[in-house]
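Biologist: I have a model open beside my bench notes and would love a guided look. Could we go through it together?

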Amino acid sequence: MPPKRIESLRFPVFGIAWSPSMLVYCGGGGSSKSGIGNSIVIANHSNHSNTDEHAVGTKSSVIIDTGDEICVGIGIRHDAESPPPHILAAIGDEVRLYDSVSGSLLGSIMCHKDFKGVNCVAFSVDGSRVIAGCEGGSVLLFSLKWNTEKTKVDFEMVAECAGHAKAVCAVSFPPVEGAFQCLSSAKDGTARVWDERSGAEIGRLACSIAEPGKPPAKKNAQVLVRGCCYDAQGLIYTVASGRKGSAYLAKWQAQPHPQQPQALHYVQIERKCVSKVPISAMNMSGDRSTLAFGNVSGSIILLRADTLQVIKTFEEVHDLPVTCIAAKPLHSLAGEEADAISASADSKLVFFSTKREPRSLWIDFWCFLLLVFFAFSFKFSHDQCRTELLAVDMDDLRQCVVASLMAPISQPGILIIPH
């Protein structure tokens, strides 16, 4: 099944977020020498069109120039008490918060150079906390402090979560309030669970890329845990792969730690190979029913989260590795029936749907005419060949049917049944 639609953009895309009211994506060409600007695009995706600058086709669309730094991670927060939605962005060494309507900067924090840049960001479910994953392996927790008018915000450091030995690829909060924990995954082969209040590590998930029934991979093979997320019941999903080879999705459940009362012991309850090549992007739908993956060959895989069964695979829809993917939010705007949206450095947005496109009315019309033709033909042949039919003489019946439908050799063609 082909994608629902493909939209061409004017810059490579490295981050994407999708909410009930908007689609936000970010990227660019890096330095000014490339001639391609660095931007964040905020668009009402129900009216999204590729006829305008950066494929934005509505007056509500906003383009934020991020200067010489590329935005590589994006998040959307809907706060019922303070609309409009807020846009969280990872830009170089900085975490920024933008107004989604005006594009104005509401607040930012510059992270220390030792963190080597911010790779990914996420909001807590109540919008009061922010988590940021860094290239140097650190995970940073911030509290958002608003002014009275809620027009400006300060980022207050809550904790630096130390433990990852390599770059952090993904961060996530649980989708329910009161969990008081958060999650990160990295290129060191682990996903880690942190106490949201103190930053202490309370769980470690050691991911594997070993193939079942085969000898283990070489001892020093790097394991990249490119994605992690929670479902509504608190189960954790991780996807891991090496630089080459297959990618494995694992489902984890928390249990009390036998030796450390304050920690959790995570048990892998399911594991499945989801791609024969490394996965480069992962996201979960708003209703927590679907997992969406993009791999380095440009293909998209949609899975059921409960059974880990493949719903649909879209082969090589991107020319380059998938850099980011967004699964369907809890509620999407009328008119947008996509189940996932992916992007890549090939400067394309691709929209996917698991629903089959409705058949053309012309196909139904011609099928109806064909059915009517066969019905009249059967009735005509039955009337002409009643004697042969009652005699159960198959040779005579066949000759009669052919003679009743086909014109004589002198007048080739099919007889028109008289009205």
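Biologist: Is Glu7 buried or exposed?

Modeller: First, a word on the source: this is a predicted model, where local features need pLDDT of at least 70, side-chain atom pairs count only at pLDDT 80 or more, and totals for chains, interfaces and linings use all residues. Residues are numbered from 1 along each chain as its sequence is written, and side-chain values use heavy atoms, with hydrogens and water left out. Buried means under 20% relative accessible area, exposed over 50%, and partly exposed in between, with a 1.4 Å probe and protein chains only. Glu7 has 4% relative accessibility, so Glu7 counts as buried.

Biologist: Which side chain does Glu7 meet in a salt bridge?

Modeller: A salt bridge here is a side-chain nitrogen of Lys or Arg within 4 Å of a carboxyl oxygen of Asp or Glu. The N to O distance in this pair is 3.0 Å. The partner is partly exposed, because its relative accessible area is 25%. Glu7 meets Arg5.

Biologist: Of Arg192 and Glu201, which one is buried?

Modeller: Their side chains form a salt bridge at 3.0 Å, N to O. Glu201 is partly exposed, because its relative accessible area is 30%. At 6%, the buried one is Arg192.

Biologist: What is the N to O distance between Arg304 and Asp306?

Modeller: Arg304 is partly exposed at 40% relative accessible area, and Asp306 is partly exposed too, at 44%. Their side chains meet in a salt bridge, with an N to O distance of 2.6 Å.

Biologist: Which residues do salt bridges that share partners join into one network?

Modeller: The Arg192 and Glu201 pair comes back here, as both belong to the network. The full set is Asp188, Arg192, Glu201 and Arg204.

Biologist: Where is Trp366, and is this residue buried or exposed?

Modeller: Trp366 sits in helix α1, residues 361-384; helices are DSSP runs (H or I, at least four residues) and strands are too (E, at least two), numbered from the N terminus. With 54% relative accessibility, Trp366 counts as exposed.

Biologist: Where is Gly28, and is Gly28 buried or exposed?

Modeller: Gly28 lies in the loop between β3 (23-27) and β4 (39-43). The C-alpha atoms of Gly28 and Val13 are separated by 6.6 Å, although the two are 15 residues apart along the chain. Gly28 has 3% relative accessibility, so Gly28 counts as buried.
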